[in-house]
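Student: Could you take me through one part of this model in detail, a strand and what surrounds it? I would like the cut-offs behind each term as you go.

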Amino acid sequence: MRGKGGWIAWQRTAMVLAVLTLAMPLAAQVAKRRASSLDDLAFAKPELRVQPAAADLDSLRALGAVETKPLAEAFDAFLSREGGSWVLLVDRSTGRPLLLEGQGIPWIPGANALTYEDLGLRASEVPLDWMEGKALSFLNAHPGLFGVDAGDLVLNKGASGPVGGYHYVLDFDWTYRGLPVEGAHVVFRLNHGNLVQMGAEGISDAIRWLDPSPYLSSETATEIAGGFVGGFREGDDLLFRPALSILPVSLPPGDEKAAIDRLSYRLVWTVAFHREGVVGNWETRVDAHTGEVLSFRDTNDSGKVHGGVYPND
């Protein structure tokens, strides 16, 4: 088990990461000078707010949560192979490791006995693609740990690389049938050359129930988005072709003994436009199966316009 000092250190790290995550979009925001009729339409379905629900693996075992058995077996196999002291927190919404933290596995030279020569690398130079391969090889060596196919992961290069001289982060976005799953990712964190933390968000077997083929065309989704705002006007500028992506959505809490009971997915079209004379870039999410409008917002409020896959309709 982790001592009090380790837990406090993790809490501090989590707080710093949370602050950084919040600060980056804030820096990119454009302050609104005036409200418009579009602001009055802004909304999001409550189920789009997905929050991890952490639980200790031993606690879930004590509850008799049968869904955790494969993960528990994979964790035991991981301990047998890698050794050391590790703590696993499970995300109850997915049944996957939200946080796996331990004393470290040497990956690159640092606070360990590895040398660059051992790894066939030039001194003090670790290419990002080499680190990407290292992480994917790790996942292949422990297939039951995160329950994700390495071929469905795409390295987010903008969020990966060395940090502060002795930290290293690898952040992989998750895809399903070639479609991006928003907010779903696997993260590895190194400290002084050693892998000390890893975790996942938004990855669940529940996605197998999702049909990745849209029932509505992008043209129909655009018409629905236009209807929601009272019709597109002359001068309205579509920012990109309607894009397909997958959104995790939360479900109401279920049986307390169930480890995987709070996550589902919806296939969506994203239609984004700018209206002349109105501050903001406006994004509509339309369910690609039902045509339901799931959200409408000014992406300047979060500093990002979401994209996806742009099929040839």
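Tutor: Happily: we will start with one strand and its partners, then go on to the aromatic rings, a few single residues and a pocket.

This is a predicted model in which local features need pLDDT of at least 70 and side-chain atom pairs count only at pLDDT 80 or more, while totals for chains, interfaces and linings use all residues. Residues are numbered from 1 along each chain as its sequence is written, and side-chain values use heavy atoms, with hydrogens and water left out.

Our strand is β3, residues 86-91 (strands are DSSP runs of E with at least two residues, helices are runs of H or I with at least four, and both are numbered from the N terminus). With 6 of its 6 residues buried, β3 is largely enclosed by the rest of the structure (buried is under 20% relative accessible area, exposed is over 50%, and partly exposed is in between, for a 1.4 Å probe and protein chains only). Both of its faces are covered: one side carries W86, L88 and V90, the other V87, L89 and D91, and all of these are buried.

Next, the partners in the sheet (two strands pair if DSSP finds at least two bridges between them). Strand β2, residues 54-56, runs antiparallel to β3, with 3 bridges joining the two, and A54 stands opposite D91. β4 also pairs with β3 in the antiparallel sense, here over 6 bridges, with L89 of β3 facing L99 of β4. These two strands, β3 and β4, make a hairpin with 4 residues between them, and G95 in its turn has a positive phi of about 80°. S93 sits in the loop between β3 and β4 and is buried, at 3% relative accessibility. Its side chain makes a polar contact of 2.7 Å with the side chain of D91 (such a contact is a pair of N or O atoms within 3.5 Å; within protein, one must be able to donate a hydrogen and the other to accept it, and residues adjacent in sequence count only if both atoms are side-chain atoms).

W86 of β3 leads us to the rings, since ring pairs link it with F75, F78, W107, F138, F172 and F188 into a cluster. Rings of Phe, Tyr and Trp (its six-membered ring) pair if their centres lie within 6.5 Å; planes under 30 degrees apart are stacked, over 60 edge-to-face and the rest tilted. By this rule there are 12 aromatic pairs. One of them, F78 with F138, is edge-to-face, with 6.2 Å between the centres and 80° between the planes. F78 belongs to helix α4 (residues 69-82) and F138 to helix α6 (residues 128-141), so this pair ties together parts that are 60 residues apart in sequence. F78 is buried at 0% relative accessibility, and F138 is buried too, with a relative accessible area of 7%. W107 and F188 form a tilted pair, because their planes meet at 35°, with centres 5.8 Å apart. W107 is in the loop between β4 (96-106) and α5 (116-119), and F188 is in strand β8 (residues 179-191), so the pair ties together parts 81 residues apart in sequence. W107 is buried at 3% relative accessibility, and F188 is buried at 0%.

Strand β8 also has loops on either side with backbone angles to look at. Most residues other than glycine have a negative phi. R177, in the loop between β7 (167-176) and β8, has a positive phi near 50° and is exposed, with a relative accessible area of 60%. H192 lies in the loop between β8 and β9 (194-201); its phi is also positive, near 50°, and at 39% relative accessibility H192 is partly exposed.

Last comes a pocket, the second largest, which holds about 250 Å³ of space. It is lined by 15 residues, and the closest to its centre are I108, P109, Y116, G165 and Y168. On a 1 Å grid over the protein atoms alone, a pocket is an open set of points where a 1.4 Å probe fits, with protein on both sides within 12 Å along at least five of seven lines, and lining residues have an atom within 4 Å of a point.

Terms used
Grid points are joined across faces, edges and corners, and a volume is the space filled by probe spheres set on the points.
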